[in-house]
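Below are my notes on this model, set out as numbered points. Please read them with the structure open.

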Amino acid sequence: MNTHATEAPLLDARNLHKSYGDKAVLRGVDLSIRPGQVKAMLGPSGSGKSTTLRLINLLERVDQGTIEIDGKRLGFVGKPGAERPAPERVLAKQRQVVGMVFQQFNLFPHLNATRNVMSGLTTVHRVHRKDAEERAVMMLERVGMGAHTHKYPSELSGGQQQRVAIARALVMEPKLMLFDEPTSALDPELVGEVLRVMESLASEGMTMLVVTHETRFARRVADEVVLFDDGVIIEQQEPEGFFENPQHERTKEFLRHVH
């Protein structure tokens with residue numbers, strides 16, 4: 001694992017609040033990540049982890065707070081002090097700096113693996129079809145799917161489908177990759193193949209924010225581990241300290257249940 005303490009944050013999210021009706025899901029979350037860092041987000045269901053990712057990826061709007069990537073505020077346009085919510089066309093462009101992999105694979109069932117991966121290149125970036133196809137095949141090879149480029153989602157295992165989904169996000173060359181429980185929908189024997197791809201990406205320097213219940217992955221790969229509980233971050237440490245010497249009683253309780 002690398003140290004990144006001297007670098008400016010790639011992502012800097014401050015005082016994030018989000019409610020659905022009377023339910024406050026986030027209650028003042030501060031979260032930052034530096035280039036090349038891997039940060040694992042742990043916590044019980046409903047604690048705000050996935051909502052945080054959805055706000056960063058502009059799938060939902062914040063009620064309060066700011067999100068910046070490379071010093072540029074997401075979700076808004078206009079000069080400081082006179083910001084206004086960005087229209088959808090601007091949001092679509094801002095989303096391109098962030099890649100996201102979901103619990104469900106969300107592949108197009110009528111497209112083979114190559115077509116699924118190249119779809120964003122041709123529709124969003126207007127890349128020529130032949131170039132997009134070449135880049136898609138290269139990315140599938142990168143995630144260990146080079147032998148399955150012509151297969152359709154129905155012909156692939158869950159782990160293979162998730163690796164195609166990772167390739168689809170990576171081919172857009174995002175600055176930051178978000179993973180929302182990427183192995184939770186997989187059979188246990190398929191989890192390892194997806195985690196190995198993610199570990200390889202981390203070793204190559206990809207900046208990653210990972211919501212996961214895989215504590216062994218968090219301990220081995222993450223630079224920092226964060227615990228969410230009831231819409232706030234209650235602990236954030238390097239893995240050794242987080243797992244061996246947690247400071248918050250809630251963290252100790254959570255780890256007892258996990259183990």
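1. Strand S3 pairs with S10 in the parallel sense, over 4 bridges. Within this pairing, Ala 40 has Val 210 of S10 as its bridge partner. S3 is also joined to strand S11 (residues 224-229) by 4 bridges, and these two strands run parallel as well. Here Lys 39 stands opposite Glu 224 in S11. The model is a predicted one, and every remark in this note should be read in that light.

2. How many of the residues of S3 are buried? The count is 5 of the 5, so S3 is largely enclosed by the rest of the structure. Both of its faces are covered. Val 38, Ala 40 and Leu 42 are buried on one side, and Lys 39 and Met 41 are buried on the other. Lys 39, the residue opposite Glu 224, is thus among the buried residues of the strand.

3. Strand S8 (residues 98-101) is likewise covered on both faces. Val 98 and Met 100 are buried on one side, Gly 99 and Val 101 on the other. S8 runs parallel to S9, with 4 bridges between them. The bridge partner of Val 101 in S9 is Phe 179.

4. A second piece of strand architecture is an open sheet of 4 strands, in the order S2-S1-S4-S5, with antiparallel pairing. Its edge strands are S2 (23-33) and S5 (72-73), each of which pairs on one side only. S5 pairs with strand S4 (residues 64-69) in the antiparallel sense over 2 bridges. Glu 68 stands opposite Arg 73 in S5. The charged end of Arg 73 also sits over the ring of Phe 76, at 4.0 Å from the ring centre.

5. Helix H6 covers residues 188-203, which makes 16 residues. From first C-alpha to last it reaches 24 Å, close to the 22 Å expected at 1.5 Å a residue. Its buried residues are Leu 190, Val 191, Glu 193, Val 194, Leu 195, Val 197, Met 198, Leu 201 and Ala 202. What do these buried residues pack against? The partners are three strands and three helices by name: strands S3 (38-42), S9 (176-180) and S10 (208-211), and helices H4 (129-142), H5 (158-170) and H7 (215-221). Just after H6, Gly 205 takes a positive phi of about 95 degrees.

6. Glu 193 of helix H6 deserves a separate entry. Is its side of the helix buried or exposed at this residue? Glu 193 has a relative accessible area of 16%, and it counts as buried because the cut-off is under 20%. Its side chain makes a polar contact of 3.0 Å with the side chain of Arg 163. Leaving aside neighbours within four places in sequence, Glu 193 is in contact with Ser 157, Gly 159, Gln 160 and Arg 163. The C-alpha atoms of Glu 193 and Gly 159 are separated by 6.6 Å, although the two residues are 34 apart along the chain.

7. Gln 161 lies in helix H5 and counts as buried, at 15% relative accessibility. A polar atom of the Gln 161 side chain lies 3.3 Å from the backbone oxygen of Leu 156. Beyond neighbours within four places in sequence, Gln 161 is in contact with Phe 105, Leu 107, Pro 153 and Leu 156.

8. Two residues other than glycine have positive phi. For Glu 181 the value is about 45 degrees; for Asp 230 it is near 55 degrees. Glu 181 is in the loop between S9 and H6 and is buried, with a relative accessible area of 8%. Asp 230 is in the loop between S11 and strand S12 (232-237) and counts as partly exposed, at 42% relative accessibility.

9. The count of aromatic pairs comes to 1. The rings of Phe 242 and Phe 243 have centres 5.1 Å apart and planes at 75 degrees, so the pair is edge-to-face. Phe 242 and Phe 243 are both buried.

Notes
Residues are numbered from 1 along each chain as its sequence is written. This is a predicted model: local features need pLDDT of at least 70, side-chain atom pairs count only at pLDDT 80 or more; totals for chains, interfaces and linings use all residues. Side-chain values use heavy atoms; hydrogens and water are left out. Rings of Phe, Tyr and Trp (its six-membered ring) pair if their centres lie within 6.5 Å; planes under 30 degrees apart count as stacked, over 60 as edge-to-face and the rest as tilted. Buried means under 20% relative accessible area, exposed over 50%, partly exposed in between (1.4 Å probe, protein chains only). A charge sits over a ring if NZ of Lys or CZ of Arg is within 6 Å of the ring centre and within 35 degrees of the ring normal. The expected span of a helix is 1.5 Å times one less than its number of residues. Contact means heavy atoms within 4.5 Å. A polar contact is a pair of N or O atoms within 3.5 Å; within protein, one must be able to donate a hydrogen and the other to accept it, and residues adjacent in sequence count only if both atoms are side-chain atoms. Two strands pair if DSSP finds at least two bridges between them.
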